[in-house]
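Please work through the exercises below with the sequence and the 3D structure open beside you. Try each task on your own before reading its solution.

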Amino acid sequence: MNQHPGAPSGGDLLALYLNDHLTGASVGVHLFRRAAQLHHDRAARETLIGLSREVNADRDTLIALMKRLDVSPQRHRMALGWAAEKAGRLKPNGTLIKRSPLSDVVELETLRLGVEGKACVWKLLAVLADSDPRISADEVDELEQRARRQID
């Protein structure tokens, strides 16, 4: 593939990609916690709490992987993601003060999409592990399998 002058290098693109996923993971942790706090069904709430802990652990693992790859987390991007998630709550939902009955559905769909994206980052890192000794193929394979269980 030909690279255009001034285009980011492969390492720069990987850094952007990983920071995008770190931002998503940070937002995801908050969404899982919020969904768990607001869910009325006790069993569902406990499931969401467990998923929140796993997603937080996955986020920590991503940060450790980024460190091994010499990729610095861009905190300003995480702050923007946090603000975007808060702004997303302001959408019209048919009620002004209370949560809409659709809020749970929309939040769960959003969380599922986030976990599916996380499975993709682990899959990409598994491919890169073939040529980069800083990435453990076994580790990212295990993380991808955990993401698949979270989706289920």
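The exercises that follow concern a predicted model, and each task is followed by a solution in steps.

**Exercise 1. The overall fold**

Task: Find how many helices and strands the chain has, and state what share of its residues is buried.

Solution. Begin with the elements: the chain has five helices and zero strands, and from the N terminus on they run α-α-α-α-α. Next, turn to burial, where a residue counts as buried if its relative accessible area is under 20%; buried residues make up 35% of the 152 residues in the chain. Finally, consider the contacts between residues at least 6 apart in sequence, among which 76% join residues at least 24 apart.

**Exercise 2. A helix and its buried residues**

Task: Compare the reach of H4 with the value expected for its number of residues, and then list residues of H4 that are buried.

Solution. The first step is the count and the span: H4 has 27 residues, and from its first C-alpha to its last it reaches 39 Å. The second step is the comparison, in which this reach is close to the 39 Å expected at 1.5 Å a residue. The third step is to look for buried positions in H4, among them Ser103, Glu107, Gly117, Lys118, Trp122 and Ala129. Leucine 108 also has its place in helix H4, but at 40% relative accessibility it counts as partly exposed.

**Exercise 3. Two helices that pack together**

Task: Describe how H2 and H4 pack, giving the angle and the distance between their axes, and name the residues that meet.

Solution. Two packed helices are described by the angle between their axes and the distance between the axes. For H2 and H4 the angle is about 35°, and the axes are 12 Å apart. The handedness comes next, and the crossing of H2 and H4 is left-handed. Now look at the residues in contact: on the side of H2 they are Leu48, Val55, Asp58, Leu62 and Leu65, and these meet Leu108, Lys118, Trp122 and Leu125 in H4. Sorted by class, this contact of H2 with H4 holds seven nonpolar residues, two charged ones and no polar ones. As a last step, check one pair by its backbone: leucine 108 and leucine 48 are 60 residues apart along the chain, and their C-alpha atoms are separated by 9.8 Å.

**Exercise 4. Salt bridges**

Task: Find the salt-bridge partners of arginine 146, glutamate 116 and aspartate 60, and for each pair give the distance between the closest N and O atoms.

Solution. Side chains of opposite charge can pair when their charged atoms come close. The cut-off to apply is a side-chain nitrogen of Lys or Arg within 4 Å of a carboxyl oxygen of Asp or Glu, and by this rule the count comes to nine salt bridges.

1. Arginine 146 pairs with aspartate 58, with the closest N and O atoms 2.2 Å apart. This pair links distant parts of the chain, since arginine 146 lies in helix H5 (residues 137-151) and aspartate 58 in helix H2 (residues 42-68), 88 residues apart. Arginine 146 is partly exposed at 21% relative accessibility, whereas aspartate 58 is buried at 1%. Asp58, Lys118 and Arg146 are linked in a network of salt bridges.
2. Glutamate 116 pairs with arginine 112, and here the closest N and O atoms are 2.8 Å apart. The two residues are four apart in helix H4 (residues 103-129), so about one helical turn separates them. Glutamate 116 is partly exposed, with a relative accessible area of 27%, and arginine 112 is partly exposed at 44%.
3. Aspartate 60 pairs with arginine 59, with 3.7 Å between the closest N and O atoms. Aspartate 60 is partly exposed at 40%, while arginine 59 counts as buried at 17%.

**Exercise 5. A positive phi in a loop**

Task: Locate aspartate 70 in the chain, state its phi, and decide whether this residue is buried or exposed.

Solution. First, place the residue: aspartate 70 lies in the loop between H2 and helix H3 (75-88). Second, recall the general pattern, which is that most residues other than glycine have a negative phi. Third, set the residue against that pattern: aspartate 70 is not a glycine, although its phi is positive, at about 60°. Last, with 68% relative accessibility, aspartate 70 counts as exposed.

Technical notes:
Residues are numbered from 1 along each chain as its sequence is written. This is a predicted model: local features need pLDDT of at least 70, side-chain atom pairs count only at pLDDT 80 or more; totals for chains, interfaces and linings use all residues. Side-chain values use heavy atoms; hydrogens and water are left out. Buried means under 20% relative accessible area, exposed over 50%, partly exposed in between (1.4 Å probe, protein chains only). Axes are lines fitted to C-alpha atoms, for helices over the stretch in contact, and angles run from 0 to 180 degrees between N-to-C directions. A crossing is left-handed if the near helix is turned anticlockwise from the far one by less than a right angle, and right-handed if clockwise. Contact means heavy atoms within 4.5 Å. Ala, Val, Leu, Ile, Met, Phe, Trp, Tyr, Cys and Pro count as nonpolar, Asp, Glu, Lys and Arg as charged, and the others, Gly among them, as polar. The expected span of a helix is 1.5 Å times one less than its number of residues.
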